[in-house]
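Please open the model in your viewer and keep the sequence panel beside it, since each stop on this tour begins with something to select.

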Amino acid sequence: EMCYLHAEGYSGGALKHGPFALIENESGKFGATPIIMFILDDQHAHHMRTAAEEVKARGAELIIITDKPALARDLDDDPIVIPQNGPMTALGGVLPLQLIAYELAMLRGINPDTPRNLAKAVTVD
């Protein structure tokens with residue numbers, strides 16, 4: 001929303017139900033498809049690592065946000081590492097996502113403080 005680019009969130013398991021077909025490698029019209037994945041040190045780590053390996057094999061540009069750098073080994077040379085905070089760890093991963101959106105907006109010359117086409121007030125009838 002901040003940088004006027006379409007983005008969707010999927011669970012690691014849902015990637016197999018269609019989004020894989022949309023992944024392009026570096027020879028795609030716009031280059032490799034960028035995919036940001038959370039791979040946290042929890043009960044889903046193995047499944048998320050497998051999903052990351054699958055998108056990487058299809059040529060995606062993979063960006064990994066993790067609380068354990070070893071989980072990104074051989075997938076992302078420079079993962080974004082967040083602190084472990086028990087069940088709240090995933091919440092800390094939102095901060096790098098917000099910074100990525102901000103930086104993309106700035107690179108595109110968009111002032112994120114003045115979004116277009118948004119109502120200034122919400123009213124309920």
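The tour goes from the whole chain to the sheet, and then to single residues.

**The whole protein**

Before selecting anything, keep in mind that this is a predicted model. With the whole chain in view, you are looking at a protein with three helices and three strands, and reading along the sequence gives the pattern β-α-β-β-α-α. The C-alpha trace spans about 45 × 40 × 30 Å along its principal axes. If you switch on a surface, its accessible area comes to about 9,000 Å², and 56% of this belongs to carbon and sulfur atoms. Of the 125 residues in the protein, 30% are buried. Among the contacts with a separation of 6 or more, 58% are between residues 24 or more positions apart. Colouring by charge will bring out 10 positive and 17 negative side chains, and the centres of these two sets lie 4 Å apart.

**The sheet**

Now select the strands together, and you will see an open sheet of three strands in the order 1-2-3, with parallel pairing. Strand 1 and strand 3 are the edge strands, as each of them pairs on one side only.

Select residues 34-39, which form strand 1, together with residues 61-66, which form strand 2; the two pair in the parallel sense over six bridges. To follow the pairing residue by residue, start at Ile36, which stands opposite Ile63 in strand 2, then go on to Met37, whose bridge partner is Ile64, and then to Phe38, whose partner in strand 2 is Ile65.

Next, add residues 80-81, which are strand 3; two bridges join this strand to strand 2, and the two run parallel. One place to look is Thr66, which has Val81 in strand 3 as its bridge partner.

Which residues of strand 1 lie on its covered face, and which on the uncovered one? Show the side chains of residues 34-39, and you will find Ile35, Met37 and Ile39 on the covered face, with Pro34, Ile36 and Phe38 on the uncovered one. In a regular strand, side chains alternate between the two faces of the sheet.

**The crossover and helix 1**

Keep strand 1 and strand 2 on screen and add residues 45-57, which are helix 1; together the three elements make a right-handed β-α-β unit.

On the way from strand 1 to helix 1, pause at Asp42, which lies in the loop between them. Asp42 counts as partly exposed, at 34% relative accessibility. If you draw a distance from Asp42 to Glu61, the C-alpha atoms are 24 Å apart in space, while the two residues are 19 apart in sequence.

Within helix 1, select Arg49. Is this residue buried or exposed? Arg49 is buried, because its relative accessible area of 19% is under the 20% cut-off. Leaving aside neighbours within four places in sequence, Arg49 is in contact with Ile39, Ala70, Leu71, Ala72, Arg73, Asp74 and Leu75.

**From Arg49 to Asp74**

One of those contacts of Arg49 is Asp74, and this residue is the next to select, in the loop between strand 2 and strand 3. Asp74 counts as exposed, with a relative accessibility of 67%. Look also at its backbone, where phi is near 70°, a positive value in a residue other than glycine. Most residues other than glycine have a negative phi.

**Leu62 in strand 2**

For the last stop, return to strand 2 and select Leu62. Leu62 is buried, with a relative accessible area of 4%. What surrounds Leu62, apart from its neighbours within four places in sequence? Leu62 is in contact with Ile35, Met37, Ala52, Val55, Lys56, Leu75 and Asp76. Ile35 and Met37 in this list also belong to the covered face of strand 1, and Leu75 was among the contacts of Arg49 as well. To end, draw a distance from Leu62 to Met48: the two are 14 residues apart in sequence, and their C-alpha atoms are 13 Å apart in space.

Notes:
Residues are numbered from 1 along each chain as its sequence is written. This is a predicted model: local features need pLDDT of at least 70, side-chain atom pairs count only at pLDDT 80 or more; totals for chains, interfaces and linings use all residues. Side-chain values use heavy atoms; hydrogens and water are left out. Two strands pair if DSSP finds at least two bridges between them. Helices (H or I, at least four residues) and strands (E, at least two) are DSSP runs, numbered from the N terminus. A crossover is right-handed if, with the strands pointing away from the viewer, the path from the first strand over the helix to the second runs clockwise. Buried means under 20% relative accessible area, exposed over 50%, partly exposed in between (1.4 Å probe, protein chains only). Contact means heavy atoms within 4.5 Å. Accessible areas come from the Shrake-Rupley method with a 1.4 Å probe; for residues, only the protein chains shown count as cover. Lys and Arg count as positive and Asp and Glu as negative; His and the chain ends are not counted. The place of a charge is taken as NZ of Lys, CZ of Arg, CG of Asp or CD of Glu.
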